[in-house]
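Got the sequence and the structure open? Let's take a walk through them together, one stop at a time.

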Amino acid sequence: MSREINILGIETSCDETAAAVVANGRNIKSSIVASQARLHAEFGGVVPEIASRAHIAFIYPVIVEALARAGVGKDQIGAIAVANRPGLVVALMVGLTAAKTLAFAWELPLIGVNHVHAHLQSAIMEQEGLELPAVALIVSGGHTNLYLCASPLDLTLIGSTVDDAAGEAFDKVATILQLGYPGGPVIEKTARSGNPKAVDFPRSMLDRESLDFSFSGVKTAVLYHCRGQDMKGQDRVASMTPQEIADIAASFQAAVVDVLVAKARRAAERHEAKTVLLGGGVAANTALRNALQGMCDRTGRRLLVAPKPLCTDNAAMVASLAYYKYLAGDFADLDLEARATS
Ligand code: KG4
Ligand code: ZN
């Protein structure tokens, strides 16, 4: 039997402080996530300064708990992995500093991971018989990316958003509808009692060949719908019935889902992919999961979706991707930097 490699993963790219221990890239021994959503709710979005301070407060107890739950000490850890890009630099820096400190003190290799690439691991790490190449759709608060995936480490970006990310659009529309933050879960819940055909919001496909996305148009259409075309009208949201709000939420969600599924299909057909992968915070959305499953069923493809607890930011996905870097000997130096972009 091959040796078990435990990797301690750390993730602080946005507003979740997370640590996890994963064996051989597949077996999640612990996954601890401290969400800061409550701290940012009153601002309707993530405030970098608040995120950074909260990461500093949470990082030590979160790492201690991840090790304790996994039942491993430093002698059973093979490497320290950390998401060092892309994300809020002041947030990434906290996890990165913790990871470097542990790597130095415990004399362990350090592995830097792209957090958006790591989202893909959430869809595949617990699955058997993955057929590659696959087309991967990663939809989060900061990114809407389509990749051609030849292996966990071999990802080619084939489409991305030209403006807002899908999750960002959910968050902004939730603010317009005065539903709170984070927007994705609350829009999904509100949409359950709404009619997705009530309002015909635009589906921006860009040109016929494009695999890129644009979500600012649908967000603006929701705003106009609520405030009138000239934006001079009274904000009608406060006087809308719960049914009207639900109809707008459902119609908006349907517009976003339609575009995501159409582009995923276009990419899968162009690249003759037998497998479609779905990950990132917005992948928790049941309407999206169901619509993508329907497309895959109709076109003879296998869909692998991240389990819901692994859709939003977590460190298990970071430790999982790092395992492949570990096998490839792709280690970072202690001068590894945090980066806002990929
Ligand atoms: O991947 P993630 O945790 O963080 C980033 O890397 O951005 O994604 C967070 C995003 C937020 O925009 C949130 O509103 C969205 O994922 N989200 C959802 C759902 N749950 C989270 N969007 C739609 N439906 C959901 N159920
Ligand atoms: Zn993320």
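We'll visit a metal site, then some helix packing, and finish with a few backbone oddities.

Keep in mind along the way that this is a predicted model.

Let's begin with the metal. Which protein residues act as donors for the zinc ion (ligand 2)? They are His 115, His 119 and Asp 313. Both histidines use their NE2 atom, while the aspartate uses OD, and the donors lie 2.0 to 2.2 Å from the zinc ion. If you trace these donors along the chain, you get the spacing H-x3-H-x193-D. So two of them sit a short step apart in that pattern, and then comes a long stretch before the aspartate.

Now look at the two histidines. His 115 and His 119 both belong to helix 4 (residues 115-124), and because they are four residues apart there, about one helical turn separates them. Are they buried or exposed? His 115 has a relative accessible area of 7%, so it counts as buried, the cut-off being under 20%. His 119 is buried too, with a relative accessible area of 1%.

Next, helix packing. Find helix 8 (residues 242-270) and look at helix 7 (residues 216-227), which packs against it at an angle of about 160°, with the two axes 11 Å apart. Angles over 145 degrees count as roughly antiparallel, so that is the label for helix 7 and helix 8. Their crossing is right-handed. Where do they touch? On the helix 7 side you'll find Val 218, Val 222, His 225 and Cys 226, and on the helix 8 side Ile 248, Phe 252, Ala 255 and Val 256. Sort those contact residues by character and you get seven nonpolar, one polar and no charged.

Helix 8 also meets helix 6 (residues 183-191), and here the axes come within 8 Å and cross at roughly 115°. Helix 6 and helix 8 are therefore described as roughly perpendicular to each other. This crossing is left-handed. From helix 6, the residues involved are Ile 187, Glu 188, Thr 190 and Ala 191. They meet Ile 245, Ala 246, Ala 249, Ala 250, Phe 252 and Gln 253 in helix 8. The tally for this contact is seven nonpolar, two polar and one charged. Did you spot Phe 252 in helix 8 turning up in both lists?

Here's a nice example of chain folding. Ala 41 lies in helix 1 (residues 37-41), and it is partly exposed, with a relative accessible area of 33%. How far is Ala 41 from Gly 183? In sequence they are 142 residues apart, but in space their C-alpha atoms are 9.9 Å apart.

Finally, the backbone. The peptide bond from Arg 85 to Pro 86 is cis, with omega near -25°, and Pro 86 sits in the loop between strand 4 (79-85) and helix 3 (89-105). Another cis bond joins Leu 132 and Pro 133, with omega about 5°. Pro 133 belongs to the loop between helix 4 and strand 6 (134-139).

Two residues also have positive phi without being glycine. Asn 24 has a phi of about 50° and lies in the loop between strand 2 (16-23) and strand 3 (27-35). Leu 206, with phi near 55°, is in the loop between helix 6 and helix 7. Asn 24 counts as partly exposed at 22% relative accessibility, and so does Leu 206 at 41%.

Terms used: Residues numbered from 1 in each chain as written. Chains lettered and ligands numbered in written order. Predicted model: local features only at pLDDT ≥ 70, side-chain atom pairs only at ≥ 80, totals over all residues. Heavy atoms only, no water. Donors = N, O, S within 2.8 Å, 3.2 Å for Na, K, Ca; no water. Buried < 20%, exposed > 50% of the residue type's maximum accessible area, 1.4 Å probe, protein only. Axes fitted to C-alpha atoms, helices over the stretch in contact; angles between N-to-C directions. Parallel < 35°, antiparallel > 145°, perpendicular 65-115°, else oblique. Left-handed = near helix turned anticlockwise from the far one by under 90°. Contact = heavy atoms within 4.5 Å. Nonpolar A, V, L, I, M, F, W, Y, C, P; charged D, E, K, R; others polar.
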